[in-house]
Amino acid sequence: EITEPSLSSMVLRFTSATDVIEPPQAQMLISPVSVAQDQEVLFEDNSIGAITGLQWDFGDGVTSTQTQGIHRYTTAGQFVVRLTVTGPGGMSSATDTVVVWAPPVAGFSATNDSVSTGDVVGFTDTSQGIVESWDWDFGDGARSNLRHATHAYGTSGSYLVSLTVVGPWGTTNAAAVIRVANRPPVITPAIDDFAVDEDQPL
């Protein structure tokens, strides 16, 4: 005789084993975060979790898939660095900012480097980079803090003109020589005195 087991005597076991894979967590180490132009910056991936791929975006158009390495910035500015990691559980990104500084490059032009006394010389600032202040030294004791300046020399000679520019990350200067000659005297043609003989026909 075959007896069907009752429901009460049946033991039903259900095993549900679903492994949930968490997405990775992107983490990075950047040292230093404030550097001079062309200085080495260390980048290191410190992400946690299951990772199958990563990519660095250094913010200056350069990317890398290395876990760590050295990068140099060739221009000054602020660069947002992004690290993106991917894994079986998804994707994660982290960002940080690197500040790259460089002093301004001083430069100027003059309307003329050979003039006469009293002539007005125009000086135009052509400096590159971030400039916060200008200091002109015209070589004769006169100075100016304007970005673009003018000056007239009262005495002949050779004068070394210098421009010093100051930025948030340094100071540089540029110089040029202005040659000043005495102004030629103004010659007024002499008119000879002559007597008019009223009896002599003109």
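**Exercise 1.** Locate proline 32 relative to the strands, and state which kind of peptide bond joins serine 31 and proline 32.

*Solution.* Proline 32 sits in the loop between β1 (28-31) and β2. Strands here are DSSP runs of E with at least two residues, and helices are runs of H or I with at least four, numbered from the N terminus. The bond joining serine 31 and proline 32 is cis, with omega about -10°. This is a predicted model, in which local features need pLDDT of at least 70 and side-chain atom pairs count only at pLDDT 80 or more, while totals for chains, interfaces and linings use all residues. Residues are numbered from 1 along each chain as its sequence is written, and side-chain values use heavy atoms, with hydrogens and water left out.

**Exercise 2.** Find the loop that holds aspartate 38, then give the sign of its phi.

*Solution.* Aspartate 38 belongs to the loop between β2 and β3 (40-45). Its phi is near 75°, a positive value in a residue other than glycine. Most residues other than glycine have a negative phi, and most peptide bonds are trans. Aspartate 38 has 41% relative accessibility and therefore counts as partly exposed (buried is under 20% relative accessible area, exposed over 50%, partly exposed in between; 1.4 Å probe, protein chains only).

**Exercise 3.** Give the strand order of the open sheet that contains β2, and explain why one side of β2 and of β5 is left without a neighbour in the sheet.

*Solution.* The order is β2-β8-β7-β4-β5, with mixed pairing. β2 (34-36) and β5 (63-64) are at the edges and each has a single partner strand, so one side of each lacks a neighbour in the sheet. Two strands pair if DSSP finds at least two bridges between them. Within this order, β7 (residues 77-87) and β8 (residues 90-101) run antiparallel and are joined by 11 bridges. Valine 85 has serine 92 in β8 as its bridge partner.

**Exercise 4.** Work out which strands pair with β16: β15 and what other strand?

*Solution.* Start with β15, which pairs with β16 (residues 170-181) in the antiparallel sense over 11 bridges. The two form a hairpin with 2 residues between them. Threonine 164 faces asparagine 173 in β16, and glycine 157 stands opposite valine 180. The other strand is β10 (residues 114-116), which runs parallel to β16 and is joined to it by 3 bridges. Here valine 115 stands opposite valine 180.

**Exercise 5.** How many salt bridges does the structure hold? Place the partners of the one formed by aspartate 119.

*Solution.* There are 5 salt bridges (a side-chain nitrogen of Lys or Arg within 4 Å of a carboxyl oxygen of Asp or Glu). Aspartate 119 pairs with arginine 183, with the closest N and O atoms 2.1 Å apart. This pair links distant parts of the chain, 64 residues apart: aspartate 119 is in the loop between β10 and β11 (120-125), and arginine 183 is in the segment after β16. Aspartate 119 is partly exposed at 25%, as is arginine 183 at 45%.

**Exercise 6.** Is aspartate 125 buried or exposed, and which residue is its salt-bridge partner?

*Solution.* Aspartate 125 is buried, at 5% relative accessibility. Its partner is arginine 147, at 3.0 Å between the closest N and O atoms. Aspartate 125 lies in strand β11 and arginine 147 in the loop between β13 (143-144) and β14 (149-152), 22 residues apart. Arginine 147 is partly exposed, with a relative accessible area of 41%.
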